[in-house]
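Visitor: I should like to learn how to read backbone and cysteine features in a structure. Please take me through them in turn.

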Amino acid sequence: MGDRSFKPLITPEIMRILVCVHQVPETAATSAINGMSRGPYRDPGLTYRMNRFDECAVEESLRIRRTIPGSRVTALSLGPAEAGGAIRKALAMGVDDGVHVLLEQAEHVETLAKATWVAAYLRENPHFLVLTGLMSESGMHGMLGPMVAELLNRPCSTSVIKIDVDLHKAVVVVLREIDNGERELVELDLPAVLSVQTGLNTPRYPTLSNMMRAKKQVLLTVPSSSLDQPPATLIARGLATPVRMRAGRFLKGTTEEKAADLLDIMRDKGFL
């Protein structure tokens, strides 16, 4: 839960929120495998968009800002040059500032490295609340938020579906999903890190004025080489497309004929 002996004095003017956003290929896009790389090849021809879990995190950060006049929201993304598109989308949705941690390498970057760079930025630029999506649609690790919290010794909660900030007590109260469909109510001291689940809100469509502002706004670019460098704890040795082991079969005919064929298949497989 972090250091509970320290209670920061929080006012709306210093209530800064950081939301981490990630850019992923469109669902229908197919990422090619580059034989010279150990990670997915970022094909310039692919169309990218913001990770849907992060869209919910952005929307929630804007909702919190609305309840705390004077607070500010910054969107941060890690990646190559084109990753700035996710930040522009967040700006178009209404966040105040954008930070791009520029990665020089195009190959796979492990989550610990990303968390190390986010934590390094937060040490130099403190924010009382950090929001991430529960996971990225491309990696599905779900570890960025907890790792950032551990590196900063901050309390953390995952699978969050409701957030209430209490500035007077310097705490955030969250409702989170746990196993078996149950829910848990948790109070965390600020500053804190939260990983939000989809479904806690409906991400807004960008307004035309915000879209125009997002195109013109200058992003703060921070080279990853200028931040603390993470230890090489995980090395990707290779990447391969799964080999198709079997083909599907479509049953044709009337309902009775398809039912009879299905029974025959199940008997042949030894299921009956």
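Guide: What follows is a short reading of cysteines, a cis peptide bond and positive phi values. This is a predicted model, in which local features need pLDDT of at least 70 and side-chain atom pairs count only at pLDDT 80 or more, while totals for chains, interfaces and linings use all residues. Residues are numbered from 1 along each chain as its sequence is written, and side-chain values use heavy atoms, with hydrogens and water left out.

Visitor: How many disulfides are there by the rule?

Guide: A disulfide is a pair of cysteine sulfur atoms within 2.5 Å. By this rule the count is 0.

Visitor: Is cysteine 20 buried or exposed?

Guide: Buried means under 20% relative accessible area, exposed over 50%, and partly exposed in between, with a 1.4 Å probe and protein chains only. Cysteine 20, at 5%, is therefore buried. Cysteine 156, at 28%, is partly exposed.

Visitor: Which residues does a cis peptide bond join?

Guide: Leucine 190 and proline 191 are joined by this bond, with omega about 5°. Helices (H or I, at least four residues) and strands (E, at least two) are DSSP runs, numbered from the N terminus. Proline 191 lies in the loop between β9 (183-189) and β10 (192-196).

Visitor: Where is asparagine 153 found?

Guide: Asparagine 153 belongs to the loop between α4 (144-152) and β7 (156-166). Although not a glycine, asparagine 153 has a positive phi of about 55°. Its relative accessible area is 53%, so asparagine 153 is exposed.

Visitor: What is the phi of alanine 170?

Guide: The phi of alanine 170 is positive, near 55°, in a residue other than glycine. Alanine 170 sits in the loop between β7 and β8 (171-177). With a relative accessible area of 3%, alanine 170 is buried.
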